[in-house]
Amino acid sequence: MPRGNPTDQTRPSRWRGLVVGVVGAGLILCLVGGGLYLLWLRRAESTPALRGQAVALKQGCFACHGADGRGGVADPGSRNGFVPGWDGPTVATLAANEDEIREWILDGQPARLRQVASAHTGTGLVPMPAYRDRISARELADFMSYFRAVSAFGVEMPEPAYEGRKVADRLGCFGCHGPGGIGGSPNPGSFKGTVPAWDGADFTELVRSDAELMEWILEGHPQRLWKNPAARLFLERQIVGMPAYRRHLSADDQARLLAYFQWLRNQTGAQAKSDDSHHIMGLLLPSEVAP
Amino acid sequence: MKRLVLFLAAGCASWAFGLTNGSTGRPASPVDLSPQAICVAPDGQRAYVVNATANSVSVVDVRARRVVGTIPVGERPYHAAFSPDARSLYVSCAWAGKVDVIDVAQSRVVRSLPAGAEPNGVVPSRDGTRLYVANALSDDLSIIDVASGRLLADVPVGNQPRFATETPDGKRVIVANNLGRSLTLIEAASAQVLETRDLGRCSMLRQNACTSDGRWLFLANLVSHDEAPTLQIERGWIHSNGFTIVDLSRPGHRVTMLLDHLLRGAANPTGLVLSADNRRLYISLAGVHEIAFVDVDAALALAAETVTPDQVRRLQENVEILEARGIAKRHEAGGLGPRSLALSEATGEVWVANYFSDTVTVLDAITGELRATIPLGPSHERSLWRQGELLSTDARMCYQNWFSCVSCHQEDGTVDGLNWDLANDGLGNPKSAKDLINGHDTAPAMWGAVRADLNDGVAGGQRFEGYVADADRQRALMTYFGNPEYAPNPLRGRHPEAEARGAALFVATGCSICHPAPLFTDKKLHDLGFGTKADYRSRFDTPSLRSVLRNGPWLHDGRAKSLHAVFTEHNPQDVHGRTKGLTKQELDDLITYLKTL
């Protein structure tokens, strides 16, 4: 006759249930945590220039100055018939320095021009509004970062870097990477969902060296990421792939581009430094696979 | 309100002028005389020497060889000529904007005739009724009725006319456009331009004279090879130096011959005089302190052999032929900076005005032997500034003496109006010669900012002339160029209302942002779309607008031939000042203001 304690039969199943429950909960927690972590990794980058772009959008600047301030709408009655764009040379005819740009934004015109401008530059139908009561100091600071990236106005840039910026502009880099390389253009299917910025923290993850930067530019991707299955997955499914410019860049222009990137990275300084995510990302995108 | 604006603009303008013209670089003491021009009276008794920086004319007794009097004249006298009856001496006073008339018998100025902006060469007509005056700054020839002092006509000519000549029949006046590479032939009676004769690579067109039969014109000039990169000094491949023979009976004709030797340049031909028998021509070589004696018959024979355009070009490049054929000989002037000479036919002598020695030297007109040196004033040690001025004109500091600083920058530190392809910023991208008077306080230097400052640029200039920069020379040159002498602007204040409107526009159109007073430059590089592929750069240094009127043609490669063109033809993006939409009147006002800077 079999002997046994009925409680002996129920105890293992109870423990098993408990274990299964704990493990299950742990797994769910891990899954949720992992998911959250992935979402965090894929969060959109936020630089002052990108925030400034959002400010410009919110305040309606582009309605008159055109997308990214590239050129304005018609302004009948003004001397040259158009709302000015934000390209550096045009800006340099309207403002002596960045303080005057702030005056344009806050007061609609710098004090220096108040007495002479209306008499001699004509009165357009689309006057510049005064934003003094509508924009916070933080928003203005962010906007100025964006404006600086768009216009390069008042930015002291050594000659090779300036010429590199011209090369980037000529090749259309700023079309996807944003004015001055601030990034943020949508790119469905990519890891972050946007085209990466040149002045943010993500850059250090994607570009580990000058040689790797030139790989990006000349070949469209660096071998380190191309050989990594996870990275390659995103590189292949993103809608906007980085073109390979090898046939369109002279050695001189490559050097100029490099000078611009080096200058830009030095300018962005602390903001561009690698943060902790770099090391965490390192787990996903190990540098060991780099060529 | 409008009046207030104009008042404020005028106030700003006056403030800026006060700052820019408060002082001159020339030391007050010692007073250098700087004999710039000389003429011997037709009776051969007296020589009259124009002292450019002493505002005087020295009267020299030809036989006694000593100064017998001094006549004060207007500011910065430049040139002088006798009336046909020899009773009057006309002296152009460049900075005073007039021609002083000296009564020879009374030895004093008895009247003044109004001229254009910066009168240079003066030419009395042979009938004595008219005076022709070449106005270097207003680019025109004034025709003045001597009796009434009335201006009969202002004839527009080429860039910077300095000297003119009347043909012996009195029918034509020939004007040498110093920076225009051309002669303007004018019909005297109608004051109409008959012909503008292109002189090819000739530049810095200076004194000229016509043979008594009216057929040939002789002209002192440089040949500037701005078509080639400036890589070779030897054989005159940057500048060579000589004279041009023009057949006035054949439209378009000219033949240019070089006074250089194969291994020794003849820098800066400046003064020129022709003997009464038309057989001997004398040309002062101011940069090498020599006088060239030219056998006219032999030179005309060589000119007759030179027919086709290729032959004209090859002769113009031939630095050996005149010496080889014995057509020209060069003699020491006996002083430094011989800028002008005159013939004393009676004594058979060439009289030379030596700008930096403050002397007149007397040479035998046949042998070139130095017969006498006549000091025009008490001798004094040259100031460091003056040493720098001398060096700026002195081709002895150039390898083989081919050129001096003034070969490109003139004696007043401005420009030669040519584009030069220097090797310091890559080849194939010629740029307009930049003035040196604005370099001292507007670093960086050069259009592409390839020199950190004036000091760096001057050292580069010494190397450009073929030698390692010498510290003593550098110190003198920096003292001179570092304290430049700004000529007064005769256009300032002529049209006060237009100037005030222009000054307001200067601010409203954004000009003042990159060209702020008092330097009229922000000393920064800007990209206004002017760069070409050959420039290797998009940004150029913002030039100072002080004396901008003197520095044309404008923009980094001289593409704008007039100040109007700067804003019309060459401002398509409307970023070199927002000048699009300005009315003609407004643009004129803006230009009027710019010309006063």
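Let me start with Asp253(A), which at 8% relative accessibility counts as buried in this predicted model, since buried here means under 20%. Its salt-bridge partner is Arg256(A), with the closest N and O atoms 2.8 Å apart, and Arg256(A), at 21% relative accessibility, counts as partly exposed. Both residues lie in helix α15 of chain A, where they are three residues apart, or about one turn of the helix.

If you now move along chain A to Arg132(A), you will find a salt bridge to Asp107(A), in which the closest N and O atoms are 2.9 Å apart. Arg132(A) sits in the loop between α7 (117-121) and α8 (137-151) of chain A, while Asp107(A) belongs to helix α5 (residues 98-107) of that chain, so the pair ties together parts that are 25 residues apart in sequence. As for their surroundings, Arg132(A) counts as partly exposed at 48% relative accessibility, and Asp107(A) is partly exposed as well, with a relative accessible area of 32%.

Let me carry the topic over to chain B, where the side chains of Asp441(B) and Arg546(B) meet in a salt bridge at 2.6 Å, N to O. This pair links distant parts of the chain, with Asp441(B) in the loop between β31 (431-432) and α7 (454-464) of chain B and Arg546(B) in the loop between β33 (540-541) and α11 (563-567) of chain B, 105 residues apart. Asp441(B) is partly exposed, with a relative accessible area of 22%, whereas Arg546(B), at 5% relative accessibility, counts as buried. Elsewhere in chain B, salt bridges that share partners join Arg26(B), Asp32(B), Arg76(B), Asp358(B), Arg386(B), Glu389(B) and Glu485(B) into one network. Over all chains, the structure holds 55 salt bridges.

Two members of that network, Arg386(B) and Glu389(B), are among the buried residues of helix α5 of chain B. This helix, residues 384-393, is mostly covered, with eight of its 10 residues buried. What covers the buried residues of α5(B)? The cover includes β26 (338-344), α6 (406-409) and α8 (471-481) of chain B.

Staying in chain B, please look at the strands closer to the beginning of the numbering, and in particular at β2(B), residues 46-51, which is mostly covered, five of its six residues being buried. On one side, strand β1(B), residues 35-40, pairs with β2(B) in the antiparallel sense over five bridges, and Pro35(B) has Asn51(B) as its bridge partner. The two strands form a hairpin with five residues between them, and Gly44(B) in the turn has a positive phi of about 80°. Six bridges then join β2(B) to strand β3(B), residues 56-61, again in an antiparallel arrangement, and here Asn51(B) stands opposite Ser56(B). This second pair also forms a hairpin, with four residues between the strands and a positive phi of about 50° at Asn55(B) in the turn.

Now to the place where the chains meet. Chain B and chain A bury about 2400 Å² between them, with 52% of it on carbon and sulfur atoms. In chain B, Ile513(B), Arg539(B) and Arg578(B) lose the most area to chain A, together accounting for 29% of what that side buries. The contact takes 29 residues from chain B and 26 residues from chain A. How many salt bridges are counted between chain B and chain A? The count is four, and one of the salt bridges is formed by Asp527(B) and Lys166(A), whose closest N and O atoms are 2.7 Å apart. The rule also finds nine residue pairs in polar contact across this interface. On the side of chain B that touches chain A, α1 (2-20), α9 (496-508) and α10 (511-514) each supply at least two residues, and α9(B) gives the most, with four residues. The residues of this side divide into 13 nonpolar, eight polar and eight charged.

I will finish with two buried polar side chains in chain A. Gln238(A), in the loop between α14 (229-237) and α15 (251-272), counts as buried at 18% relative accessibility. Its side chain makes a polar contact with that of Asn187(A) at 3.3 Å, and the side chain of Gln238(A) also reaches the backbone oxygen of Leu235(A) at 3.5 Å. Asp202(A), found in helix α11 (residues 202-206) of chain A, likewise counts as buried, at 19% relative accessibility; leaving aside neighbours within four places in sequence, Asp202(A) is in contact with Glu45(A) and Lys192(A).

Notes. Residues numbered from 1 in each chain as written. Chains lettered and ligands numbered in written order. Predicted model: local features only at pLDDT ≥ 70, side-chain atom pairs only at ≥ 80, totals over all residues. Heavy atoms only, no water. Buried < 20%, exposed > 50% of the residue type's maximum accessible area, 1.4 Å probe, protein only. Pairing = 2+ DSSP bridges. Contact = heavy atoms within 4.5 Å. Buried area = accessible area lost by both parts, 1.4 Å probe. Polar contact = N/O pair within 3.5 Å; in protein donor to acceptor, adjacent residues only side chain to side chain. Nonpolar A, V, L, I, M, F, W, Y, C, P; charged D, E, K, R; others polar.
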